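Student: Please take me through one part of this fold in detail. I would like to see how its helices pack together.

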Amino acid sequence: MGRMGKIGSYRELEVWQMAMDVAAMVYELTRQLPKEELYGLSAQMRRAAISIPANIAEGYARRTRKEYLQFLSIAAGSQAELKTLLLLADRLYLGNNRGPCHAAVDRISMMLTRLRQALSEPSS
């Protein structure tokens, strides 16, 4: 499969880089949650955050465009899950803080949508 023009590695994708930043932010954020959430909300938020860049990378390594799109769809699902968990954490513990993590997660959603649309277009 052509690797999206001149992109030589998934690590060059801005969406992957931002997803890695978000995963790090989520780890920092979950340290603020009560210890009672260690195996609940904190763990779920971390899993969802990690899933985004991991699925972008795994999809990129697949052999077909169809497989790549499937993994990008999984990453998009994890992004939506993470957004929901962030909103819940805000309601329960963080005081409705709409900080940089929320903005980055929203941006990832837009970037994944654009990437999926670009990959869905017929090859020239």
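**Helix packing and the core**

Tutor: Helices α2 and α3 cross in a left-handed way (the near helix is turned anticlockwise from the far one by less than a right angle; clockwise would be right-handed). A helix here is a DSSP run of H or I, at least four residues long, a strand is an E run of at least two, and both are numbered from the N terminus. This is a predicted model, in which local features need pLDDT of at least 70 and side-chain atom pairs pLDDT 80 or more, while totals for chains, interfaces and linings use all residues. Residues are numbered from 1 along each chain as its sequence is written, and side-chain values use heavy atoms, without hydrogens or water.

Stay with that pair. Helix α2 covers residues 41-61, and helix α3 covers residues 65-94. Their axes (lines fitted to C-alpha atoms over the stretch in contact) lie 8 Å apart, at an angle of about 160° on a scale from 0 to 180 degrees between N-to-C directions. So α2 is roughly antiparallel to α3 (over 145 degrees; under 35 is roughly parallel, 65 to 115 roughly perpendicular, the rest oblique). The contact between α2 and α3 involves 18 nonpolar residues, six polar ones and two charged ones. Nonpolar takes in Ala, Val, Leu, Ile, Met, Phe, Trp, Tyr, Cys and Pro; charged is Asp, Glu, Lys and Arg; the others, Gly among them, are polar.

Step back for a moment. The protein holds four helices and zero strands. From the N terminus, the order reads α-α-α-α. The C-alpha trace spans about 50 × 25 × 20 Å along its principal axes. There are 124 residues, and 42% of them count as buried (under 20% relative accessible area; exposed is over 50%, partly exposed in between; 1.4 Å probe, protein chains only). Take the contacts (heavy atoms within 4.5 Å) with a separation of 6 or more: 69% of them join residues 24 or more positions apart.

Next, follow α3 to its other partner. The axes of α3 and α4 come within 10 Å of each other and cross at roughly 160°. That makes α3 roughly antiparallel to α4. The α3 and α4 crossing is left-handed. Their contact has 15 nonpolar, five polar and five charged residues.

Helix α4 also meets α1. The axes of α1 and α4 are 10 Å apart, and the angle is about 150°. The two helices are therefore roughly antiparallel to each other. The crossing of α1 past α4 is left-handed. From α1, the contact uses Glu14, Val15, Met18, Ala19, Val22, Met25 and Val26. From α4 come Pro100, Cys101, Ala104, Val105, Arg107, Ile108, Met111, Leu112 and Leu115. By class, the contact of α1 with α4 has 14 nonpolar residues, no polar ones and two charged ones.

Now look inside. In soluble globular proteins, nonpolar side chains tend to be buried together. The largest nonpolar core here has 36 residues (buried Ala, Val, Leu, Ile, Met, Phe, Trp, Tyr and Cys joined through side-chain atoms within 4.5 Å). Val15, Val22, Met45, Ile56, Leu82, Ile108 and Leu112 touch the most other members. Helices α1 (14-30), α2, α3 and α4 (100-120) each give two or more residues to this core. The largest share is that of α3, with ten residues.

Some residues deserve a closer look. The contacts named next leave out residues up to four places away in sequence. Methionine 45 sits in α2. It is buried, because its relative accessibility is 0%. It touches Val26, Leu29, Thr30, Leu33, Leu82, Leu85, Leu86 and Ala89. From methionine 45 to asparagine 55 is ten residues along the chain and 16 Å between C-alpha atoms.

Leucine 86 lies in α3. Its relative accessible area is 0%, so leucine 86 is buried. Its contacts, counted with the same gap of four places, are Leu29, Met45, Cys101, His102 and Val105. Methionine 110 is 24 residues from leucine 86 along the chain, and their C-alpha atoms are 17 Å apart.

Isoleucine 56, with neighbours up to four places away not counted, touches Leu13, Val15, Trp16, Ala19, Tyr68, Leu72, Ala75 and Leu112.

Finish with aspartate 21, in helix α1. Aspartate 21 is partly exposed, because its relative accessibility is 48%. Glycine 40 is 19 residues from aspartate 21 in sequence and 22 Å away in space, C-alpha to C-alpha.
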